[in-house]
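Visitor: I have the sequence and the fold on screen. Please walk me through the strands.

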Amino acid sequence: MINRIVSLACCLFIFWGEAQSQAFKEKDNGIEAAVKGVQVEITFFSPAIVRVLKFPAGAAVTKKSLSVIKMPESIRPAVLQKGDTLFLRTDSVVVSLVLGTGRISFSNTLGEKLFSEKDDGVQFTPVKDVNKPAFIVRQAFVLDNDEAIYGLGQQQNGKMSQRGQRVYLRQDNMKVCIPFFQSVKGYGVFWDNYSPTTFTDNLQETSFDSEVGDCADYYFLYGANAQGVVAQMRALTGQAPLMPLWVYGFNQSRERYKTQYELVDVVKQYRSLKVPLDGIVQDWQYWGRDSNWNAMSFDPHTFPDPKGMVDSVHQLHAHLFIVAWPGFGPLTKQYEELKQKNMLIHFETWPPASGTTPYDVYNPQARDIYWRYLNKGIFSLNTDAWWLDSSEPDHVNLKERDFDQPTYLGSFRSVRNAFPLQHVGGVYDHQRQTTDKKRVSILTRSAFAGQQRYGANTWSGDVGSNWEMLTKQIPAALNFSLCGIPYWNADIGGFFAGSFVKGGGARNPAFQELYTRWMQFATFTPMMRSHGTDIPREIYQFGNRGEWPFDVQEKYINLRYQLLPYLYSTAWGVTSKAGSIMRSLAMDFASDKKVWDIGNEYMFGQSFLVAPVTASHAENRSVYLPAGASWHNFWDGGLIAGGVWTEQATPIDRIPLFVKAGSIIPWGPKVQYAAEKKWDNLELRIYPGADASFTLYEDEGDGYDYEKGSYSEIRFQWNDQAKTLSIDDVKGSFPGMLKDRKFNIVVVDAHHGVGVEPSGKFNTTVRYKGKKLTVRL
């Protein structure tokens, strides 16, 4: 203990002076103090997670977070005082509080400054929240001039670093609002407020300014690097469960399939063409007229045998997403019951002029009612996944007084941004209570902090079909992922494609080019899903096999399936180690300042560098290869040292794609659906130039037995100097797991292991029965 205090004193240049009167009080996990009329509480949730709570002195504040589920660990930080500055230290961070001004600052244990509030940076401006006294709550901070920050959810501003931005954070279609950012310095800040909030960053300050609150409440998370911050955010707000294997395949949708026969026929056509497909999505209006909106039952005229439809999809080895909305038409049974129980929020939502009204997602009893109808009308048919559309929700003919509407937790204004979290969470929790045989898989249009714990995959909304919007999707996705939510996707080709109808729709060459480039990008996102209005997007709409629009799409769909062993293992790393699938270059190469503001390329898992083509008629694309690694060109095996820009040819069937030297990629079989073939004859591509390791994860593909340990892992290690591959003993087991398999090993060079097609020649093939092997190559 003495050594610890001496070390702290040396690190911070602090020494004990004469006894001083204390303007603070120690408590479990931290301290509390009164500073200039403001009550300040600093609480350590872990050695690296600190909650800062402030409210006007004399007030009584009791707040249960909607996002934070972590309970404070038993931690007693070392507390020292010098003058009017108080220091709290753990093994991870040092927090200082200036008792004269209330400024709180954060440093690492080496004394290096990380983050700081401004002097007198908190402000409480009294307002009325309907009839309840409340405050406009503001907290200002100061960042380094050259510091890059990321996050704020999904903003369609085309920016990677969010410096110099003023962003109004209120949920909307295409705009996911999360009051969180993280820095290249290795820390993150979550502002725990659910009302509309303005984020401002300028030369003077960085601030959050929320319309309603009882307190200023934020969490400081130290992770040392971007992945560490993501891990801390998951520790604070919840871990991400594993999706079923099939979801990582290809999913087809349209606005909309108008009959059950049309939907089933799409699956049949994919099977006839032998083009891979795993998911089919039924969009809106299967319930009939708009006054019956979201009835959670099928119109008998267009869907006369919904159970037969579901069974037919399953017999074709595919899976069915069904859409559900948070609003109910006035002729539905749900509307009537929720209205009688005062569980509607009375503002206009989609569709306009229909009388449709959202339910009170904040009320646990209302969420029970929602699931009761959803389960009886849809899930009981053995459907597979949910499309929770309009989860912001849509707010038609918006009026400010709409935000005065009461909810179970207070005014709608006070909880506005948490709507998707509560709505999606209600469906997840209820399905988990209903069965553990199907993993919850939710496609949703909005999100809030913590939503990763609900099996949700957020898509970017009804984006336009144009090159500018495709370009914006990349930094939007990366910033979203850096908020700790790993699952994201977009409508391939953009949603609104009406401008291309006149030129032939899916046969319009301009749309074919845009769609193809968008699909290439989607191949390297957590979910690969085709959807849109105006133009049907099934592969056969674009032409026939032998024509480039068909052939290039088929090539990338096949590539997606061959990547499944890599992607599913990466997804296991998301679940088990708080990993990420889409990774900004700054996440893995922060020491290279050139990557800090690159938002048009990214890492897909730990190994692939993806540089989508986002311009029409592009013959070339400049790609930056980060310093700190060497890079193999996926298409020709060529090796390039990092820290350079390279010009890459981009014919229509190719996007720039590199693999980091020191990677092992398991290459899956060609299949028509994810579970068609077991992984008993995998190609292992070794990208030399550095040591490598990879852990192949397998389980039953669905259900939650993996949470009970029913899965297996096989670890591969490549020693680049010795040119040896070690395959460890298999760890774990699950019903139906392979006991005997082959690994076809390829050391990638200009002639072997390049491109999409399986290698024709292997360095060696080994038979593996679960026991350790070492192979010299």
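Visitor: Which residue in β20 does Gly-279 stand opposite?

Guide: Keep in mind that this is a predicted model. Strand β19 covers residues 279-282, and strand β20 covers residues 319-324. The two run parallel and are joined by 4 bridges. Opposite Gly-279 in β20 stands His-319.

Visitor: Which strands are at the edges of the sheet that holds β19 and β20?

Guide: That sheet is open, has 8 strands and pairs in parallel. Its order is β28-β27-β26-β23-β20-β19-β18-β29. An edge strand here pairs on one side only. The edges are β28 (488-489) and β29 (528-530).

Visitor: What angle does the direction of helix α8 make with that of β23?

Guide: Helix α8 spans residues 419-434 and packs on this sheet. The helix touches β23 (385-388), β26 (442-444) and β27 (456-459). Its direction and that of β23 make an angle of about 165°.

Visitor: How much does the open sheet of 9 strands twist, on average, from one strand to the next?

Guide: The order in this sheet is β5-β6-β7-β8-β9-β10-β16-β15-β12, and the pairing is antiparallel. Its edge strands are β5 (78-82) and β12 (166-169). From one strand to the next, the twist averages 20°.

Visitor: Which residue in β6 stands opposite Val-79?

Guide: Look at edge strand β5, residues 78-82. Strand β6, residues 85-89, runs antiparallel to β5, with 5 bridges joining the two. Opposite Val-79, the β6 residue is Leu-88.

Key: Residues are numbered from 1 along each chain as its sequence is written. This is a predicted model: local features need pLDDT of at least 70, side-chain atom pairs count only at pLDDT 80 or more; totals for chains, interfaces and linings use all residues. Side-chain values use heavy atoms; hydrogens and water are left out. Two strands pair if DSSP finds at least two bridges between them. Contact means heavy atoms within 4.5 Å. Axes are lines fitted to C-alpha atoms, for helices over the stretch in contact, and angles run from 0 to 180 degrees between N-to-C directions.
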